[in-house]
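Work through the exercises below with the model open. Each task is followed by a stepwise solution.

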Amino acid sequence: MDKSQGKTVRDGARKGALRLLAAVDEGATLDEAAALTERLSPPDRARARRLALEVLRRADRADLLLAPLLARRPRPEIMRILRLATVEMLALDEAPHGAVNAAVALARSSGPKGQAAAGMVNAVLRKIAGAAPAWAALSPQKMPPWLRAPVVAAWGEDTARAIEAAHEAGAALDLTPKGADCPGEALPTGSHRLPAAAQISALPGYAEGDWWVQDAAAALAVRVLDPQPGEAIADLCAAPGGKTLQLAAAGAEVTAVDISEPRLARVAENLARCRLSARLVAADALDWRPDAALDAVLLDAPCSATGTIRRHPELPRIRDGEGLAELTGLQARLIDHALSLLKPGGRLVYATCSLLPAEGEAQLAAALARHPGLAVEPPRAPGIEPGWITPQGGLRLRPDLWPERGGMDGFFIARLRKSAERT
């Protein structure tokens with residue numbers, strides 16, 4: 001009975017993973033596709049997402065091993081089954097007989113054409129089961145050319161490969177503590193880190209609101225801003241709200257602005273859980289103005305999100321670099337608008353979760369050229385290493401940094417000081 005139940009759970013998770021992978025093939029993110037697994041039990045749902053993540057991180061490697069064994073490329077649903085079983089056996093140490101049998105059953109359950117392909121699936125995967133040495137010799141999955149080329153141009157081939165290795169390794173679970181108590185390993189920058197598989201709501205302090213989930217790199221934006229009690233600060237493009245929580249916990253008078261009401265509702269939920277307060281405004285950040293000039297603005301601008309691939313490995317598969325010019329234009333307008341909201345001498349932290357210099361270093365250079373008197377203040381916060389600071393004085397974070405600790409998201413962060421003279 002137990003074995004049967006276990007197999008049912010496993011196959012439910014596999015079927016869920018295949019549904020998620022199919023949605024990604026259609027251009028959806030995993031978050032957008034989450035409803036496809038909502039009928040599964042919580043353990044199945046979590047395992048389905050984990051399996052989909054692991055396949056997306058290694059799909060190209062799996063295809064390299066599978067291609068010589070296939071007379072012709074199978075239908076997409078069969079290819080997804082082959083990739084899933086390959087990754088389970090060679091990357092996740094799943095027993096070959098279990099992975100192969102499950103893959104054959106999944107093929108047979110996918111309709112007449114799947115039934116016809118079941119024999120091929122069985123034969124191919126039995127060969128793949130013995131391909132561990134060939135798998136180990138393959139390099140991590142490469143970034144797409146539109147992303148890889150500027151990364152290599154900025155930091156070189158070795159760094160690009162290290163970033164790709166970090167993408168394959170995935171992301172740990174980082175927490176930002178409200179006070180002193182927080183589970184996990186304390187990181188030099190003040191975040192705490194746990195294994196990715198940790199169940200968030202079961203961790204000590206969750207119900208009490210003692211901490212919230214936030215990547216260690218993302219948390220540095222507020223630490224570089226250094227909010228002070230009583231300061232009037234706007235968090236523009238605020239959702240999902242980790243930075244709003246940080247600002248509120250520091251005692252600032254926070255206004256969180258975001259164009260999405262549903263995403264602001266999530267910010268409200270987290271504020272309530274953590275017993276913190278902020279004013280929430282649903283508006284286009286470019287149209288919003290405060291009643292009085294602000295002490296500081298935090299602008300985590302819309303961007304390509306290429307710094308988050310280790311936790312969102314579907315992004316290179318559903319994006320092609322189109323629209324970057326529109327994004328960088330929007331970022332420039334947001335910087336200009338944010339500066340107009342500040343008191344003379346006020347400060348702005350500009351941040352993007354991007355690996356692209358066009359959304360970071362180049363954006364900073366252009367802002368300085370547009371605004372005489374604007375000054376870059378080198379980032380000062382615990383744990384920041386000198387090598388992370390750019391010649392301009394910005395903060396460049398990459399997934400390959402902290403390899404011994406499990407890396408971090410890619411971010412660019414710059415702290416700017418507006419001229420104290422009224423203009």
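**Exercise 1. Place strand S5 (residues 232-236) in its surroundings: how many of the five residues are buried, and which strands pair with S5?**

Solution.
- Step 1. The model is predicted. Take burial first, where the cut-off is under 20% relative accessible area. Four of the five residues of S5 are buried, so the strand is largely enclosed by the rest of the structure.
- Step 2. Look for the partners. S5 and S6 run parallel and are joined by five bridges. Leu236 has Val257 as its bridge partner in S6.
- Step 3. Trace the connection. From S5 the chain passes through helix H10 (residues 242-249) to S6, a right-handed β-α-β crossover.
- Step 4. Turn to strand S8 (residues 294-300). S5 and S8 also run parallel, joined by four bridges. Here Asp235 stands opposite Leu298.

**Exercise 2. Continue from S6 (residues 253-258): in which sense does S6 pair with S7 (residues 279-282), parallel or antiparallel? Which helix lies in the β-α-β unit of S6 and S7?**

Solution.
- Step 1. S6 and S7 pair in the parallel sense, over four bridges.
- Step 2. Fix the register with one pair: Thr255 has Arg279 as its bridge partner in S7.
- Step 3. Add the helix. S6, helix H11 (residues 261-273) and S7 form a β-α-β unit, and this unit is right-handed.

**Exercise 3. Count the disulfides, then explain the state of Cys353.**

Solution.
- Step 1. A disulfide is a covalent bond between the sulfur atoms of two cysteines. The sulfurs must lie within 2.5 Å to be counted.
- Step 2. The count is zero disulfides. Cys274 is in none; its nearest cysteine sulfur, that of Cys182, is 10 Å away.
- Step 3. Check Cys353. Its closest cysteine sulfur is in Cys303, at 3.5 Å, and this is too far for a bond.
- Step 4. Add burial. Cys274 is buried, with a relative accessible area of 0%. Cys353 is buried as well, with a relative accessible area of 16%.

**Exercise 4. Find the cavities of 30 Å³ or more: how many are there, and which residues line the largest cavity?**

Solution.
- Step 1. Rolling a probe the size of a water molecule over the atoms shows where empty space is left. The count comes to two cavities of 30 Å³ or more.
- Step 2. The largest cavity has a volume of about 60 Å³. Its lining consists of Leu21, Val24, Asp25, Val55, Leu56, Ala59, Arg80, Arg83 and Arg317.
- Step 3. Assign the lining to helices. H1 (2-25), H2 (42-66) and H3 (76-90) each supply at least two residues.
- Step 4. Sort that lining by class: five nonpolar, no polar and four charged residues.
- Step 5. Move to the second largest cavity, with about 40 Å³ of space. Trp146, Leu147, Ser304, Ala305, Thr306, Ile309, Leu315, Pro316 and Arg319 line it.
- Step 6. Helix H7 (145-155) and helix H12 (315-318) each give at least two residues to this second lining. By class, the second lining has six nonpolar, two polar and one charged residues.

**Exercise 5. Locate Ala136: which helix holds it, and is it buried or exposed?**

Solution.
- Step 1. Ala136 sits in helix H6 (residues 132-137).
- Step 2. Its relative accessible area is 61%, so Ala136 is exposed.
- Step 3. Set sequence against space. Ala136 and Ala217 are 81 residues apart in sequence, and their C-alpha atoms are 30 Å apart.

Notes
Residues numbered from 1 in each chain as written. Predicted model: local features only at pLDDT ≥ 70, side-chain atom pairs only at ≥ 80, totals over all residues. Heavy atoms only, no water. 1 Å grid on protein atoms, 1.4 Å probe; cavity = no way out; pocket = protein on both sides within 12 Å on 5 of 7 lines; lining within 4 Å. Points joined across faces, edges and corners; volume = space filled by probe spheres on them. Nonpolar A, V, L, I, M, F, W, Y, C, P; charged D, E, K, R; others polar. Buried < 20%, exposed > 50% of the residue type's maximum accessible area, 1.4 Å probe, protein only. Pairing = 2+ DSSP bridges. Right-handed = clockwise from strand over helix to strand, strands pointing away.
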